[in-house]
Amino acid sequence: MKRIIGLLLVLGMNLAYADNSVQPGSNIAKWKEECGSCHIPYPPQLLSADNWQSLMGSLNRHFGANAELDAKDNKRILGFLERNAGSGKLYSSASRRISETPWFIREHDSISPGEWANPDVRSHSNCSACHGKTVLGD
Ligand code: HEC
Ligand code: HEC
């Protein structure tokens, strides 16, 4: 009996970890929470570190929204974004929009204006309309 209880405990713990693959309180959890509330949390590797820096430096004027964070959270999230950023011109845009980077435009050039204008899509930023909730996994 003791052995069975021990086994159940171990299995139970494994299940609990599977459900919480993102550790609560981690930088990734913070990023998902803060940057995934209005839209999907856009994957860091799709934009250059320069663009992330400039975007995180102007969150009070964020594409028409105010997404300001306290300094501590801003620093943690920026660190995570920078460490995982894409590199090179392909991942950079003057607008700091992923949807206006050269790789994005090239990857999406088979989509017609009519498809972009579909009422279920409306915005190039609405990744989840075509890709589901996650793009590139996490
Ligand atoms: C208060 C709501 C809100 C929060 C919070 C928010 N955003 Fe946004 N974000 C927006 C809006 C609105 C847009 C513009 C969407 C559009 O044009 O359709 C946007 C657009 C973006 C884009 C450009 C998308 C594209 O077209 O490529 C990026 C990148 C981005 N946000 C990153 C972030 C990051 C990083 C955070 C967390 C620090 C964050 N956002 C938090 C509202 C928010
Ligand atoms: C109108 C639908 C649509 C929207 C909106 C859209 N995509 Fe795509 N995306 C596609 C299609 C179609 C492809 C090409 C798939 C292929 O060729 O296999 C693609 C390809 C991609 C690829 C490369 C292939 C892959 O799946 O890894 C990435 C990464 C990607 N999109 C990310 C994004 C991101 C990030 C956004 C939002 C900023 C976005 N997409 C918005 C339809 C869309």
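## Helices and loops

Helices here are DSSP runs of H or I with at least four residues, and they are numbered from the N terminus. That numbering gives us handy addresses for the rest of this tour: Arg96, for instance, is found in the loop between H4 and H5. Please keep in mind that you are looking at a predicted model.

The chain contains seven helices and zero strands, so its pattern, read along the sequence, is α-α-α-α-α-α-α, with helices counted as DSSP runs. Of the 138 residues in the chain, 28% are buried. Contacts that bridge distant stretches of sequence are well represented too: among those with a separation of 6 or more, 58% are between residues 24 or more positions apart.

## The iron atom of ligand 1

Which protein atoms are the donors of the iron atom of ligand 1? They are NE2 of His39 and NE2 of His62, lying 2.0 Å from the metal. The site has six donor atoms, and with angles of 86 to 180° among them it is octahedral. His39 sits in the loop between H2 and helix H3 (49–56), while His62 sits in the loop between H3 and H4, so this pair ties together parts of the chain that are 23 residues apart in sequence.

The two histidines fall into separate accessibility classes. His39 has a relative accessible area of 29% and is partly exposed, whereas His62, at 14%, is buried because that value is under the 20% cut-off.

## The iron atom of ligand 2

A histidine pair also serves the iron atom of ligand 2: His108 and His131 coordinate it through their NE2 atoms, at 1.9 to 2.0 Å. What makes the arrangement around this iron atom octahedral? The six donor atoms subtend angles of 88 to 180°; for six donors, the octahedral label asks for opposite donors over 155 degrees apart and all others between 65 and 115. His108 belongs to the loop between helix H5 (102–107) and helix H6 (113–117), and His131 to helix H7 (residues 128–131), so the pair links parts that are 23 residues apart in sequence.

Is each of these ligands to the metal buried or partly exposed? His108 is buried, with a relative accessible area of 14%, and His131 is partly exposed at 45%.

## Where H2 meets H4

Helix H2 (residues 27–35) and helix H4 (residues 71–83) bring their axes within 9 Å of each other and cross at roughly 105°. The two helices are therefore roughly perpendicular, since that class covers angles from 65 to 115 degrees. From H2, the contact is made by Asn27, Ile28, Lys30, Trp31, Glu34 and Cys35; from H4, by Asp73, Arg76, Ile77, Phe80, Leu81 and Arg83. Sorted by class, that is six nonpolar, one polar and five charged residues.

Within H2, the buried residues are Ala29, Lys30, Trp31 and Cys35, and the buried residues of this helix pack against H4. A little helix geometry is useful when you look at this contact: an α-helix has 3.6 residues a turn, so residues three or four places apart point the same way.

## Two loop residues with positive phi

Most residues other than glycine have a negative phi. Two loop residues are worth a look in that light. Phe63, in the loop between H3 and H4, has a positive phi near 50°; at 40% relative accessibility, Phe63 counts as partly exposed.

Arg96, in the loop between H4 and H5, has a positive phi as well, near 65°. Arg96 is partly exposed, with a relative accessibility of 23%.

## Two more helix residues

Gln53 lies in helix H3 and is partly exposed, at 35% relative accessible area. Which residues does Gln53 touch, leaving aside those up to four places away in sequence? They are Leu78 and Glu82. The C-alpha atoms of Gln53 and Gly79 are separated by 9.3 Å, with their positions 26 residues apart along the chain.

Arg106 is found in helix H5 and is exposed, at 57% relative accessibility. The C-alpha atom of Arg106 is 9.6 Å from that of Leu90, a residue 16 residues apart from it along the chain.

Note on methods: Residues numbered from 1 in each chain as written. Chains lettered and ligands numbered in written order. Predicted model: local features only at pLDDT ≥ 70, side-chain atom pairs only at ≥ 80, totals over all residues. Heavy atoms only, no water. Donors = N, O, S within 2.8 Å, 3.2 Å for Na, K, Ca; no water. Tetrahedral: all angles 85-135°; square planar, octahedral: opposite > 155°, others 65-115°. Buried < 20%, exposed > 50% of the residue type's maximum accessible area, 1.4 Å probe, protein only. Axes fitted to C-alpha atoms, helices over the stretch in contact; angles between N-to-C directions. Parallel < 35°, antiparallel > 145°, perpendicular 65-115°, else oblique. Contact = heavy atoms within 4.5 Å. Nonpolar A, V, L, I, M, F, W, Y, C, P; charged D, E, K, R; others polar.
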